[in-house]
Amino acid sequence: MLRRWSGHRPEKTSMNCTDLLVRLIAVPSVNPEEPDPREWTGEARMAELMEALLRERGFEVAREEDAPGRPNVIARSGPRGDGPSLLIEAHMDTVSVVNMKIPPFEARVADGRIYGRGACDVKGSLAALLAALDRDLVARFREAGRQLVVVCACGEEKGNLGARQLTERGLGADQALILEPTDLRIIHRHKGALWCRVRLEGRSGHGSAPARGVSAIRALAELIPLVEARVLQWGEGGADPDLSGPSVNFGRVEGGISVNIIPDRAELDLDIRLTPELSPARVRDDLAGELQELVERASITGFSIETIQEIEPLATPRDTGLVRSLTRALESEGLPARSGGVDWCSDAPWFARTCGETVVFGPGSIRQAHTEDEFIEAAELEKGGRVLRRFLEQGCEPATPSGGTP
Ligand SMILES: [Zn+2]
């Protein structure tokens, strides 16, 4: 398959990625959980545009809206059923534009860069995909007996809303490519996260006699180094060449009643990032163990741990067909094929539940995502478009009886 495909070298076409990206940036789609003015929030306008652009390319397009104003777009081509299938997903929402130092929705093209909210995360990847997917390619993919599903999801930036909704309904495929800015690295592993709220209970009393009460705030100060020591312990022995070790951020704290009252309650929000081997259950158990010790030492009188959110890690083996296909696509464009892991999270773990192989890939750098002057390099964007085109070309080979996919 590789040999046959390598012999077919399509002409390099002008991908038009920049023009497409300018159109996508012009349509505000800020996540509605952000504090932005309502006229900029929600994915409905982006869904309308994506629906039209995907229909133009020969897809059958459906819009599913589980929550009002929060649509997902599902575009399908090719036979449904048992044939080999490829799913490509990108999220439509962006983070807030409140602190931006550039016009967020009037894309500026300057110095070889395209500036605007979403340029990098992740409208750039959507533009590259749309540029790669012309009618002819979609038809050839279909004629090869393969199913191609393009998914534009809502709500990735605040808890993977669309990915959850769609995969809970069983949307899946043999292979899933999740578009995010990875500097064109093939990401087959990433961390998960456990966000939790720890509540400490003490006993109040007069501020002039702290020894008569139990200060929950003082206990917080005891707890923090204990948690940090645990995090180091979790990282021991399992050094992961693709990822840094587990980490913790103490993101929010609240407690006490008044300056002259011994505080009988305090709470702390923890953002714990987990390597794929470290389970949230173990983390919760270890935290409970530390808190129980504080009770036994009389530093607190009681405690609770509430899970705010659990985000699964991604752990696709490197040796999979999808990683090999992307490697070939990169190499055929003369680009280095780098693969590995990242510390941030994505929609990928949700699709990994319903898809045989799932990886994350796309043009642009996570360093420019969510920034006050978000941009993507135009040359990188074009490269992304060409690599996706090469990758999809592989899927136009006739399906093998064994059900092999690109
Ligand atoms: Zn993103």
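The following paragraphs lead from the domain division of this predicted model to its sheet and its helix packing.

The protein is divided into two domains. Domain 1 is assembled from two stretches of the chain, 2–190 and 314–394, whereas domain 2 covers 192–311. Taken over C-alpha atoms, the centres of domain 1 and domain 2 are separated by 37 Å. Where the domains touch, domain 1 supplies eight residues and domain 2 supplies nine residues. On the domain 1 side of this contact, the residues comprise three that are nonpolar, three that are polar and two that are charged.

The description turns next to an open sheet. Its four strands follow the order S10-S11-S9-S12, and their pairing is antiparallel. Strands of a sheet pair through backbone hydrogen bonds, in either a parallel or an antiparallel manner. Strand S10 (247–255) and strand S12 (302–311) each have a single partner strand; they therefore stand at the edges, and one side of each is left without a neighbour in the sheet. From one strand to the next, the twist averages 20 degrees.

The pairing of S12 can be followed at the residue level. Its antiparallel pairing with strand S9 (residues 192–201) extends over nine bridges. Within this pair, Leu-194 has Glu-310 of S12 as its bridge partner.

Two helices accompany the sheet. Helix H7 (residues 216–235) packs on the sheet and touches S9, S10 and strand S11 (265–274). The direction of H7 makes about 170 degrees with that of S10. Helix H8 (residues 280–296) lies across S9, S11 and S12, and runs at about 160 degrees to S12.

H7 and H8 also meet one another. Their axes come within 10 Å and cross at roughly 145 degrees, and the crossing is right-handed. From H7, the contact involves Ala-219, Glu-222, Leu-223, Leu-226, Val-227 and Arg-230; these meet Asp-286, Glu-290 and Leu-294 in H8. By class, the residues of the contact of H7 with H8 are five nonpolar, no polar and four charged.

A further group of contacts centres on helix H11 (residues 378–394), beginning with helix H4 (residues 123–132). The axes of H4 and H11 come within 8 Å and cross at roughly 50 degrees, which means that H4 is oblique to H11. This crossing of H4 and H11 is right-handed. H4 contributes Gly-124, Ser-125, Ala-127, Ala-128, Leu-129, Ala-131 and Ala-132 to the contact, and H11 contributes Leu-381, Gly-384, Gly-385, Leu-388, Arg-389 and Leu-392. In the contact of H4 with H11, eight residues are nonpolar, four are polar and one is charged.

Helix H2 (residues 17–25) approaches H11 as well. The axes of H2 and H11 come within 9 Å and cross at roughly 105 degrees, so H2 is roughly perpendicular to H11. Cys-17, Thr-18 and Leu-21 in H2 meet Ala-378, Leu-381, Glu-382 and Gly-385 in H11. The contact of H2 with H11 divides by class into four nonpolar residues, two polar and one charged. Leu-381 and Gly-385 of H11 thus take part in the contact with H4 and also in the contact with H2.

Note on methods. Residues numbered from 1 in each chain as written. Predicted model: local features only at pLDDT ≥ 70, side-chain atom pairs only at ≥ 80, totals over all residues. Domains from an automatic or database assignment. Contact = placed C-beta atoms within 7 Å. Nonpolar A, V, L, I, M, F, W, Y, C, P; charged D, E, K, R; others polar. Pairing = 2+ DSSP bridges. Axes fitted to C-alpha atoms, helices over the stretch in contact; angles between N-to-C directions. Parallel < 35°, antiparallel > 145°, perpendicular 65-115°, else oblique. Left-handed = near helix turned anticlockwise from the far one by under 90°.
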